[in-house]
Every structure is written in C-alpha cells, then in structure tokens.
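Visitor: Please show me the model and take me through some of its helices and strands.
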Amino acid sequence: MATVAAPRARRAEARASRGLWRDAFNRLMRNGPALVGLFFITVFFAAAIFAPFIAPYDPIAGSLADRLQLPSAAHIMGTDLQGRDEFSRILYGARVSLFVAVGSVIMALIMGGIAGATAGAVGGKVDNVVMRIVDVMLAIPGILLAIGIVAWLGQGLPQIMIAVAATNAPIFARILRGSLLANREVDYVSAARSLGASRSRMLFRHMLPNSLTALIVAATLALATAIIDVAGLGFLGLGPADPRTPEWGTMLTDATRFIRQAPYLIFFPGLAIVVAAIGFNLLGDGLRESLDPRMKR
Amino acid sequence: MTDDGTQTAAPAAGTAIGAVPVGLAPNGQVREPLLEVSGLKKHFPILGGILRHRVGTVFAVDGVDLTIARGETFSLVGESGCGKTTLGRSLLRLTPPTAGRIVFEGVDVSAMKTADLKPLRQKMQIIFQDPFGSLNPRMPVSDLIGEGLIAQANKENGWKDRKVRDQRVGDTLEAVGLRREYTRRYPHEFSGGQRQRIGIARALALNPDFIVCDEPVSALDVSIRSQILNLLVDLRHEFGLTYLFISHDLSVVEYISDRVAVMYLGKLVEEAKVEDLYSAPKHPYTIALLSAVPQPDPRVKSQRLVLKGDVPSPAAPPSGCRFHTRCWLREQLGNPARCVAEEPQLRALEPASHRVACHFADEVSARTVTSAAEEQARTGAAIAAG
C-alpha cells in the first residue's frame, strides 16, 4: 500500500509550498465583504488619480450663472453656491481625503511603530516612560487633539496630516507593544533563545513579523477614521488653507447654509465620506480574518 | 507510512548525524553526573497598584536539589502549577533563577552572564509541549531547524555555509522520521505529530547532550503519543542524549524514565529509581497520585486515595510540610503538629537512591493506605447517602 501511495505523495511535495502571506491573500480573495470594500477603495483611488480626465468641469472655477442647480444631465450632482460642478469637486475631493488619510496613517505607523517597538523590545524604564506618554495622548479625544494641533500649527494639508497622525500614533504604539510583549513569551521565541539566537534575530525574525498583522489591520481601520477625521476638521473650518480646495468636510460645511435650497449638496459629500470609510472598514475586517493563522482550516 | 504521514521506524544508524554510541547501564546505575542542581529557587514577583510595586511573591520553584547522570532519563512529575516547567526552563537559563547553583558538565551555569551562555546553549536544548505555539508560523522548516545552526555557526562546523546547513537540516529531518523534501514547507502544512517531530529536530540539529522535554506528548493525540515517545527513546540511544522529562502523565513517565522525582508546590517530595517509585512509593502525595492512575485490568481492585481540595497557592505555601493541608497520612496519624511546624527535608531511605521528604514516611504501609482508602470510601458513601 505504501508503494502505491508514494508517487502521489511525492507529487504533492513537488508543488510549491505556500507561505502564510500567500495563504492570507488567497483567503482575502474569497472574502465577499472585503472584496466589496476593496472595490469601493479602488473606485475612490481611481477617481483621485484620474480626476483631471474624468471630471467634466474645473473644480475651483465655476460660473455664477449656474449656481445651485439641481442634478441634471449637465451636472449629475448639481452645482454649488459658486456654480461649481459638485461631481468634479467630489472627484478632486477624493484626492485630498485619500492623500491626507493615507499620508497621516503612514506617518502614524512610523511614529507609533518606532515608539511601540522601542517600548516592547527594550522594556523596563523606557517602556514605562513611552507608554505613559501614550496613555496621556490616548486620554485626549482624537478629534480634540487634532483640533488642538491644527490650531497650534496653523491650517494646511501637512498640518492636518500631522494632526490626524497624532491621534493614531499612540494607538499603533500600544498595539505593537502589546503584541511584541505577547510574542516575547511565546514558545518559539523561547526556542530561539535556547538555540542561542541573538536578540536582534529574535526581534526581527520572530517577534516583529508575528506582531505586524495586528498593526496592518489597525492601520486599515485607521484609514477609515482618518477620512472621517479629515472631513471633521474640514467641517469645523480647519480644512485646507485655501478655502477653494475641494475637500469633502469643507464642502459639507458650505452646504449646510443652503440646506433648504440645495439639500443634495449635503448628500453627495456625505455619501462619499461614508462609502470611503465603509470601504476601509470592510477591507480591514477582511484582513483581520484572513491574516489570522488560527482562522486557517 | 502511517496515518501521521511520517516514517514509522527511526532511520538506520547509517543516516545518523554525529551518533555517539553510549553504553547505557541497563540497571540505571548512577553514572557520571551531567547536571547538578542545588538549592534552585525561582520566585516571581506579583506586581500591583498604580506604581507596579511588589505586592507578593510566587514561589514557583523553592529550593530544589537534584542530580542527573549522563545518559539517563530523569522525569519530573506533578500537578499543573507545581513548578515543573519553571524548573526546566530555569535549568536552561530561559528564565534566570532567583537563587541556587546549576552545574552542567562541571561548569556553573547559574553564575554565567547571558552573553556567555551561547556555547552552552548548543549542549542544552528543549522540546516544548505545544507543537503549534513552538514553531514560528512564518518560517519554513529549513529556517526553523536551521536557526540554531546559524546562531551557533563557527569555523569548525561550517554552519554559516547554506549548503552545509541544508544538508544537516535534511539529515536531522530524516533522523526524526520526516522526509528531507519537507524543508520548504511551513508549519501549518503539518499535523500535530509531525510538528512535534520538527520541534525535536530543531533541538537535535545542534547535537546537544541534554534535552529538557517539557510535556512533549501531552498535547498530542493518544495514537501519535506512543510514536513520539518511541522516537525519543530511539534518539536517546542513537545520540547518547540525557533527558529531563517533564510530565503529569504517570504511565508515560513509567515507560520512559530511569529515575523519577515528584514535585509538589515548588519542592521535590520524592525521588527514586522508576521501579522503586512505582512499586513502593513512600511519600503520601506520590501514593495518592499513583492510586489515581487507571488500572488496565478491571479485576484488580484499586484503592483510590482522593486528595481533598485544590493545590494551595504557590504565593502562600502552607507552613511546615507543604502537603500537610491535603495529607491523608497525617489524618491517619492523628494530625501530628510536626507536619505543620517543621519542613521535612529530602532524606535517603532504603535503598539509598530513594529519597523522600516526609517526617512519617516510615509509617506508610499497606495497612495505613487501606484504612485511609476505606475511610474515604465510607465518608464518600455517607455524603452520597446524606
């Protein structure tokens, strides 16, 4: 019997072995909601990148003759107070929102990652000091912290980016430190120690790779809140320095004044914010499910 | 091929890597000591409050003396939480011991700086209980087993060279009954038994003298268990290994050990050759443990001694003899005050290799055991009736 089974077994071994990342990707591609999220995000990124080609009108210059028009064939989302095409402004607005959101999350990943990795890897007093600073930052509500930072640094896209990053960085630091600490006690790290592996090898080959998944998921979900935070700052009048810049949150604020005359001006930027945020949330949840090796069946 | 997808038989000696033939004394005579431990303590602080100050201490290992001879299998048994795993990890300096001396091959390990331990790590290895948690899921088998080779590479062994390393990884895989072709696979592509073999291969790759087997079969299916146990026995003979075998499974321990120590709340209560311990246990705790082992023969009427209550907290161990709160012998003897007041030391009985930490070990006889079991049966029946 063994001889009959052998060739088949050999063939099975011949196939390329799949790593965990590859497996995770395959699982993600079979996750319906995640694909929906990925679709939304792709649409927004496409809109952002190809805005100059898709947009039928200039997002900044309008003609006052066309102000506050209802959605029509010429202006599928209508026009605003200055007669600017709402659809074009939403498309260009995706540039601002996504750019600031992605930029701020990357910035937060760098800041939080360094802080969390230092705290988790060094431990002791360093850990204590870093984590107490993180606690203080986490104690302040995110949007309040962001408002404070923009008020301090002044208006402008880089300032908004820093402000939103500051709300996310402590969360990332905490997550990374937590999973590093949890990983320090895992048997495979003990095994590496008993083999005589160096500290840096244990950190970079064992602890960090196994701590990253939590951070990847958190970062994707943070993109959703970043979009909302950016819009929130815009809504509160702390948007881009140039008030003409198409930004979803600022567009919402402008529209509130004409809510009776042109309610659709509230609807479209609001919808854009919601759909983009939902897209990142769905993708984040899907990533969480597919990146967890224990979900493997 | 077995269901496990592994080769059943251990490979022929021809594939052996650095095999060391050892003349094992069949009667388990005391040979040259490989590891000598004296007064080993490992205490963990309990931190509390906002400032994380010490509010208590867990006495996980609290003064253990033992000697393990080269080539023998020394087993450590005890309930969960008695400190056997902590003891095993302290021996390997995976956790720094609080106090005590660990002398390995004549070198005092306990006093060494962490940086100086590296050459020693090659000689002392560990096999873990959980075949899932002990292998990094993001590493292929070649890296898992090769990790130690990279860490311990030097001019002499040439392990820096990928070719040499791959060859050795393949040899080690075959030594534990897996195929060489498995090197590019990841842990999640293996069954529990196969993973445990990978864990064993990782320890074996460095050609160690001493391996701590921390419950290596507890997490495995019963059908796989005997395969892994037999593999461990075969490897021991083939490579001249010495095992510290940690387990709570008394039948497994009886099968694999030369000598056995019983641990209770951070201390050894009894230590003897395996045949002495199983045929004539002296400590009331050991007797109770052994009475709980299921008898394969239904005609043999076993006298079960059920220990009352739970193991006391290792953060607040009882005074005197740590076992006195649950001791049936003490009840039989009318609760002597000595058990509470004075801590019994390990003392040699007949034969001298049989050591026990009980003031009244000499009072243990078939009569006391029977009457204790009968009394338990009576009160148990009374409770059931009432």
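Some questions and answers on its helices and one sheet follow.

Guide: This is a predicted model, in which local features need pLDDT of at least 70, side-chain atom pairs count only at pLDDT 80 or more, and totals for chains, interfaces and linings use all residues. Residues are numbered from 1 along each chain as its sequence is written, with chains lettered from A and ligands numbered from 1 in the order in which they are written.

Visitor: What does helix H4 of chain A reach from its first C-alpha to its last?
Guide: Helices (H or I, at least four residues) and strands (E, at least two) are DSSP runs, numbered from the N terminus. H4 of chain A covers residues 86-122, 37 residues in total. The expected span, 1.5 Å times one less than the number of residues, is 54 Å here. The helix comes close to that, reaching 52 Å.

Visitor: Which strands stand at the edges of the open sheet in chain B?
Guide: The order of its 8 strands is E6-E7-E8-E3-E9-E10-E12-E11, with mixed pairing; two strands pair if DSSP finds at least two bridges between them. Each edge strand has a single partner, so one side of each is left without a neighbour in the sheet. The edge strands are E6 (124-127) and E11 (347-348).

Visitor: How many bridges join strand E7 of chain B to strand E8 of chain B?
Guide: E7 comprises residues 210-214 and E8 residues 242-247, and the two run parallel. B:Phe210 stands opposite B:Thr242 in E8(B). The number of bridges joining E7(B) to E8(B) is 5.
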